[in-house]
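Before reading any detail of a model, it helps to ask how far its parts can be trusted and how they fit together. Please look over the entry shown here, and then follow the questions below it.

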Amino acid sequence: MGAPFAKPGQTPMVTALPPWRSLFTSMFNGRDLRSDFPTLHQQVHGKPLVYLDNAATAQKPQVVIDALSRFYERDNSNVHRGLHALSMRATDAYEGARSRVAKFVNAADPAEIVFTRGTTESINLVAASWGAANLKPGDVILLTEMEHHSNLVPWQLVAARTGAKLRYLPVLGADVEGGLDLAQLDALLTPEVKVFAFTHVSNTTGTINPVADLCAKARARGIVTVIDGAQSIGHLPVDVRAVGCDFYAFSGHKMAGVTGIGALYGRRALLDAMPPYQGGGGMISNVEFFESRWKPSPERFEAGTPNFGDAVALGVACDYLDGVGRDAIAQHDAELGGLACEKLATLPGIRLLGPRPGAPRSGVVSFAFADVHAHDVVTFADEDGIALRGGHHCNQPLMRKLGLTGTTRASFYIYNTPEEIDVLVSSLQRTLKFFRGA
Ligand code: C6P
C-alpha cells in the first residue's frame, strides 16, 4: 500500500532548496546548540557521530548533566520524609521541579503533574486506575491504528479486566501514508465510547495529529481523552489547557532530560476521583491493619521513594528547552524533516512514509527499500558514524497495516544540521550500491 516517491529507474523531481544553513542558525538566534551537548563530539568507527535516533532518546545538554551531579553532590536526601536540612532542600527541589513541569505544559495546578518513569508508566497508570474504576462490559475504548505499543497494550489489559471493547480509528495509506482517516471519526464516537487515547506525534510516520480538534469532538460527547505525548513534548509547544485533554503522558529522556523520569498530566477533578495505582509509603494519609486512606493527587500516585534526582534534572531540561524556544524547535524539526524527505526521495526505490512535502510534519522520517532490509541499512549507516533506528518501532499493527515488517528511521532534534542529511544520503547511496551491485 502507498505510492513511493520514486520507483527504481524513475528520476524524482527535487525542487530548489531554501537556504537551510542560514535558516538553521537564525532560528536559534545564531546559537551553536551543538556545543551544549557533550555526547555529540565524538567519532564512531573513525567518523564524526551523526546522531539521528532522537525519537528513541535525545542527547542531554551539559546543564542537565551538571544539575544531576549537583543534586547528588549537595542535596541528596529522601523527600517528604525528613525534618533535616538536606531533606527539606531535596523536597523543595523536587516540588520545584513539579511546578516547573506544570508550567512547561501550562497545567492549572502543580498537583496535576504526577511523576512517573515515563510515557509508558503514565499511560499504564491511567488505564489501570481510571480504566478499572470507570469501564464496564459494553463500553468502548477508542484508539488509533498509529499507536505505539505503550498506548495500546495497557488498554488491551484493562479491556480484558473490565469487559470493555477496543475500537480503532483507521490510518490512511497511499498519499498520506500513516495519517489518520479523520473523516471516519464522528461515526466512531458512539455513546459506548468512554475514552479516546491517541498520540500527538507518530514515532513512525512523523505525522502531527490535530489533537485539539480530536479532544473537542470527544469532550462534546463526554468522552475522556488521553494523549501520548512521547514524541511531542520536547518538540512542539504543548499547552494542555489549550488542547483540552484530560490526560497527557510524556517521558523526560526524549526532551533533553534523563532516563527514568516522566510525567502524567491529569485534570485535577479526574485524578482526585481515581483510586491509587500502586500502594506503599508516601501515598497514604492513614494506615490501619485492615484498611488505609490515601492522600490526594499527586502523592496518591507516587507510592514509594520517588525519583527525585531525575525530576530535578527534568525541571532544568524544561528551562533549557524554553531557553531555546519551542516554536523554533518545532520549525527546525519540520524543516529538517522536510529537507530529509526531499533529499531521500532522490534514492531509487525508496518508499517514504508520512506527510507529503509541504504538509505539517515532525522531524521523524521513516523509509523502506523493498530489496534492502532496514537492519542492513542501519548497520551500514553505523559504519559511517550515523545512528539510525530500524525495525517496527513498537508499532507492529501499523506496520502490518502498511504492508511492511519494518522501516529505517532518521529522527532529528535541535542539534542536527542540514549537512548531516547529506552524510545520511551518501551513506544510503553506498548501501544501495553494495546490495544492488550497480
Ligand atoms: N518510542 C522509539 O524509538 P517510553 O519508553 O515510556 O519513554 O516511551 C514510550 C513511547 C510511547 N509512545 C510513543 C509515541 C513513543 O514513541 C514511545 C517511545 C521509542 O520510537 C522507543 S520504542
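The questions and answers that follow deal with confidence, domains, the contact between domains, and cysteines.

Q: What is the mean pLDDT of the protein chain?
A: This is a predicted model, and 93% of the residues of the protein chain reach a pLDDT of 70 or more. Residues 1–22 have a pLDDT below 50, and this stretch has 41 contacts in the model beyond near neighbours in sequence. Over the protein chain, the mean pLDDT is 92.

Q: How many Å separate the centres of domain 1 and domain 2?
A: The protein chain is divided into domain 1, made up of 19–52 and 325–436, and domain 2, which covers 64–322. Taken over C-alpha atoms, the separation of their centres is 28 Å.

Q: Which three residues supply 25% of the area that domain 1 buries against domain 2?
A: Between the two domains, 35 residues of domain 1 are in contact with 34 residues of domain 2. The area buried between them is about 2,700 Å², of which carbon and sulfur atoms give 52%. On the side of domain 1, the three residues that supply 25% of its buried area, more than any other three, are R326, L398 and Y413.

Q: How many salt bridges are counted between domain 1 and domain 2?
A: Polar contact between domain 1 and domain 2 involves 18 residue pairs, with both residues at pLDDT 80 or more. For salt bridges between domain 1 and domain 2, the count is two.

Q: Which residue forms a salt bridge with E145?
A: In this salt bridge the closest N and O atoms are 2.8 Å apart. The partner of E145 is K401.

Q: Why is C215 not bonded to C245, and how many disulfides does the structure hold?
A: A disulfide needs two cysteine sulfur atoms within 2.5 Å. The closest cysteine sulfur to that of C215, which is buried with a relative accessible area of 0%, lies in C245 at 5.3 Å, and is therefore too far for a bond. The number of disulfides in the structure is zero.

Definitions and conventions
Residues are numbered from 1 along each chain as its sequence is written. This is a predicted model: local features need pLDDT of at least 70, side-chain atom pairs count only at pLDDT 80 or more; totals for chains, interfaces and linings use all residues. Side-chain values use heavy atoms; hydrogens and water are left out. Buried means under 20% relative accessible area, exposed over 50%, partly exposed in between (1.4 Å probe, protein chains only). pLDDT is the predictor's confidence in each residue, from 0 to 100. Contact means heavy atoms within 4.5 Å. Domain bounds come from an automatic or database domain assignment. Buried area is the accessible area (1.4 Å probe) that two parts lose on being put together, summed over both. A salt bridge is a side-chain nitrogen of Lys or Arg within 4 Å of a carboxyl oxygen of Asp or Glu. A polar contact is a pair of N or O atoms within 3.5 Å; within protein, one must be able to donate a hydrogen and the other to accept it, and residues adjacent in sequence count only if both atoms are side-chain atoms.
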